[in-house]
Amino acid sequence: MVHVTSLTTHHMRQALSAGLTVAVASLVSIYFVYSYDYWIILSCFFVIQTTRGTPLKQSFNTLLVIIMALLFSSLLIYIHEFALVAGILTVIFVFVSYLLYSSRPVSFTVFYSGIVFLFVTLLGTLEPIQPPYFVHTRIADAVIGGVIGILCMALTYVQPAKAFKQDLIPLLKLLSAYPQALTNNFLEHKNEKECIETKLAIERVLQCDNSTYPEWAYEVGFNPSLRSGFRFFLITIERIIELCFSMNYLASLKINLFTHPNQHTKILAEGIFHAMHKNQELIAILLHYFVHNKLRQFASDFTSDISTLENALRQVVPHRIELLDIESDYMTVTAFVRDIKDMRRLLLELIMALP
Amino acid sequence: MDLFYQPKLAVYLLLVCCIAFSVSYYLQFNPQNHWLIWSSLFISLLTLSSVGVLLPFCTGFIVAVMVFIVGVLAHHDYVLPTYLFAVTFICLMVEQRYPYYFLIPFTITLFTIVASLQRVPLSLNVDRALYIVAGTLVATLLQSFLLFKKKYGELFFSLKCVLLSLSSLTQDIFACLLYPEYVDNVYLFERRIHGQKYRFFQSITQLRGISHYVEKKIQLNERQVLQEVLNKLEMLFDVIVDCGQLRNRVSDYSTFQLCAEELGGITKELKNIFDQLINQSHLNNTQVDVTLLKGKIKRFEENFTNVLQVSAKDPLIFLLFISSLNALCEAIAALSASLFAVSKLEIFKSYFSK
């Protein structure tokens with residue numbers, strides 16, 4: 001039930017970068033600390049946990065949250081009544097936690113900001129103070145840690161174009177086998193389990209906003225020169241996925257048109273099979289491009305099979321559209337063929353848009 | 001968002017805080033007593049996000065061990081950064097491998113960092129670890145006693161989240177058909193739809209996880225009823241997405257002005273129906289009545305026969321849309337029937353009889 005992402009070089013790189021940043025921050029805190037505490041390392045650790053879309057903006061926002069929480073905890077430190085401090089911390093903790101967990105699902109940035117504020121307030125208020133205590137020493141340490149985190153992140157920054165390609169590969173791999181499974185399920189009621197599993201896998205990929213899908217391209221403030229291209233690609237890919245889900249629903253209706261096929265329905269079935277195979281080929285071309293950074297040469301004709309499919313459909317279903325709903329199977333197969341056509345159009349748009 | 005839907009959650013958090021602060025107050029002679037508060041509060045957050053108590057329990061012990069080790073290494077200036085590097089590296093790899101359990105490695109790293117620069121003698125180091133264990137016990141035992149039936153409440157809360165996301169998704173898809181601004185602001189509308197789909201996927205994954213946990217404790221026939229609800233929800237999502245294909249197929253958006261009234265009626269009725277489904281998900285109500293929706297679809301069909309079939313460039317897409325709407329009706333009725341069957345199960349009757 002738990003989504004497990006496969007680790008890529010980017011994940012390794014990010015973990016290595018985070019580890020080195022924390023190690024550097026701990027070395028700096030040995031020699032240049034103001035508050036004789038852990039705020040340099042802690043601030044650095046909080047700041048490096050960002051998504052790939054707007055890492056600098058998120059880091060600054062996190063640093064701001066840390067400073068606000070430190071200022072707030074500094075106010076609480078001057079209250080010497082333990083009961084009052086405990087009461088205030090209880091109210092804040094219960095309120096923020098309840099809000100975060102009741103509003104699920106929330107975006108990662110909102111959840112993370114809430115958690116950081118909570119943690120820093122609790123740590124800052126309850127940590128025993130070495131007198132004399134000055135709030136500016138903690139804030140200075142937090143800023144130093146934040147700067148170390150931001151600098152290290154800037155040094156290990158991954159180019160968005162490269163990251164985008166890497167992040168789309170898992171989704172394209174899942175999509176590459178899906179059309180064929182859908183066709184088999186629709187025509188012969190086979191591969192139903194495979195269709196369901198692929199659908200669930202795609203759903204899991206689409207909800208992991210930091211690991212397996214470039215959700216970060218939608219973030220406000222993302223690189224303006226890359227934004228429109230990336231977003232066009234993501235929107236088109238999602239439309240293709242919607243078509244797959246639509247076909248999944250149509251396949252679940254289990255039509256009987258192809259159970260005892262006559263000559264015309266056989267030709268139609270072959271046309272559907274062939275057209276979906278071409279769609280699968282187009283997805284494979286996309287995948288090859290993203291994996292090898294090179295557009296594969298292809299000789300296939302991607303238009304005549306659609307014409308053949310439409311002709312085959314006209315031999316099976318009534319010509320007049322008001323007669324289509326006489327038999328539910330006619331409507332279903334017409335919808336399926338339309339989905340195939342739309343998928344073809346979108347895939348060709350994507351390939352034409354590749355640099 | 002229903003702020004008062006889970007009062008037990010607030011009571012649990014309140015009790016954890018009260019016990020942690022009270023025990024810490026009585027142990028104020030020990031300079032490490034604040035670790036009890038930190039560990040009980042942070043581990044309580046972990047118990048909220050996981051399905052059982054085992055993982056937070058184990059996390060608490062791992063934290064205690066890591067803090068003890070770092071307490072020993074804190075006296076060695078150059079070993080400490082290496083240890084922190086290793087802990088951060090491993091925890092971040094785990095965070096990325098299991099993004100759903102992000103808080104667990106995050107908490108481990110956090111406690112390790114906090115303990116790293118506090119050089120304490122061995123006896124206080126041991127006290128620190130013991131306080132962390134005590135805090136873990138406070139959080140996990142309270143959850144076991146107080147929220148032992150939380151999973152049923154969590155199940156219906158997640159179900160409600162799924163239905164809310166489906167309702168919002170439907171509204172956003174139909175907004176693309178109703179608002180002529182869609183043509184010039186495709187990204188804005190599609191972004192909203194993407195956001196609703198994302199919420200649906202998150203909610204349904206959470207629902208699946210909790211129902212998987214609940215299914216271990218119920219009979220086979222009850223499991224099948226629960227599984228049927230999940231299947232119907234997935235089916236409903238597919239049908240909604242199928243309805244939404246119209247927005248990608250229409251080349252001339254002015255066509256929608258010819259059927260704006262009918263589309264608006266369908267949109268409004270769908271909102272009412274989803275509100276009824278959400279009410280049904282936690283009250284023992286009768287099943288949702290889709291008669292009004294069928295009437296609205298019939299009106300749209302009449303418009304298609306009299307107007308759209310003649311004026312639209314591609315009338316077939318509207319016919320396919322009508323077929324999808326009829327399927328949506330049936331999917332909603334089927335889901336309502338499944339929810340009704342769930343409410344009749346003995347194991348959930350006490351939850352529904354509020």
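Which residue of chain A forms a salt bridge with B:Arg249, and how far apart are the closest N and O atoms? The partner is A:Asp342, at 2.5 Å, and view 2 below picks that pair up. Everything here is a predicted model, where local features need pLDDT of at least 70, side-chain atom pairs count only at pLDDT 80 or more, and totals for chains, interfaces and linings use all residues. Residues are numbered from 1 along each chain as its sequence is written, chains are lettered from A and ligands numbered from 1 in the order in which they are written, and side-chain values use heavy atoms, with hydrogens and water left out.

**View 1. Chain B as a whole, an all-helix chain with 14 helices and 0 strands.** Helices (H or I, at least four residues) and strands (E, at least two) are DSSP runs, numbered from the N terminus. The C-alpha atoms of chain B fill a box of roughly 90 × 50 × 35 Å along the principal axes. The radius of gyration of chain B is 27 Å, while a compact globule of 354 residues would sit near 20 Å; the radius is taken over C-alpha atoms, and the globule rule is 2.2 Å times the number of residues to the power 0.38. Buried residues account for 58% of the 354 in chain B, where buried means under 20% relative accessible area, exposed over 50%, and partly exposed in between (1.4 Å probe, protein chains only). Take the chain B contacts (heavy atoms within 4.5 Å) between residues at least 6 apart in sequence: 79% of them join residues at least 24 apart.

**View 2. B:Arg249 meets A:Asp342 across the chains.** For the record, a salt bridge here is a side-chain nitrogen of Lys or Arg within 4 Å of a carboxyl oxygen of Asp or Glu. This one runs from helix α10 (residues 246-249) of chain B, home of B:Arg249, to helix α12 of chain A, home of A:Asp342. Both B:Arg249 and A:Asp342 are buried. There's also a network to look for: salt bridges that share partners link A:Glu238, A:Arg239, A:Glu242, B:Glu190, B:Lys197 and B:Arg247.

**View 3. B:Asp314 pairs up with A:Arg338 in a salt bridge.** The closest N and O atoms of the two are 2.8 Å apart. Here the link goes from B:Asp314, in the loop between α12 (291-311) and α13 (315-343) of chain B, to A:Arg338 in helix α12 (residues 328-353) of chain A. Burial differs across this pair: B:Asp314 is partly exposed at 27% relative accessible area, whereas A:Arg338 is buried at 11%.

**View 4. A:Glu203 and B:Arg208 form a salt bridge, helix to helix.** The N to O distance is 3.8 Å. This pair joins two chains because A:Glu203 lies in helix α8 (residues 192-207) of chain A and B:Arg208 in helix α8 (residues 186-215) of chain B. Both A:Glu203 and B:Arg208 are buried. Over all chains, the salt-bridge count comes to 24.

**View 5. A:Gln280 in helix α10 (residues 263-292) of chain A.** At 18% relative accessibility, A:Gln280 counts as buried. Leaving aside residues up to four places away in sequence, A:Gln280 touches A:Ser176, A:Ala177, A:Pro179 and A:Gln180. A:Gln280 and A:Gln180 sit 100 residues apart in sequence, yet 7.2 Å apart in space, C-alpha to C-alpha.
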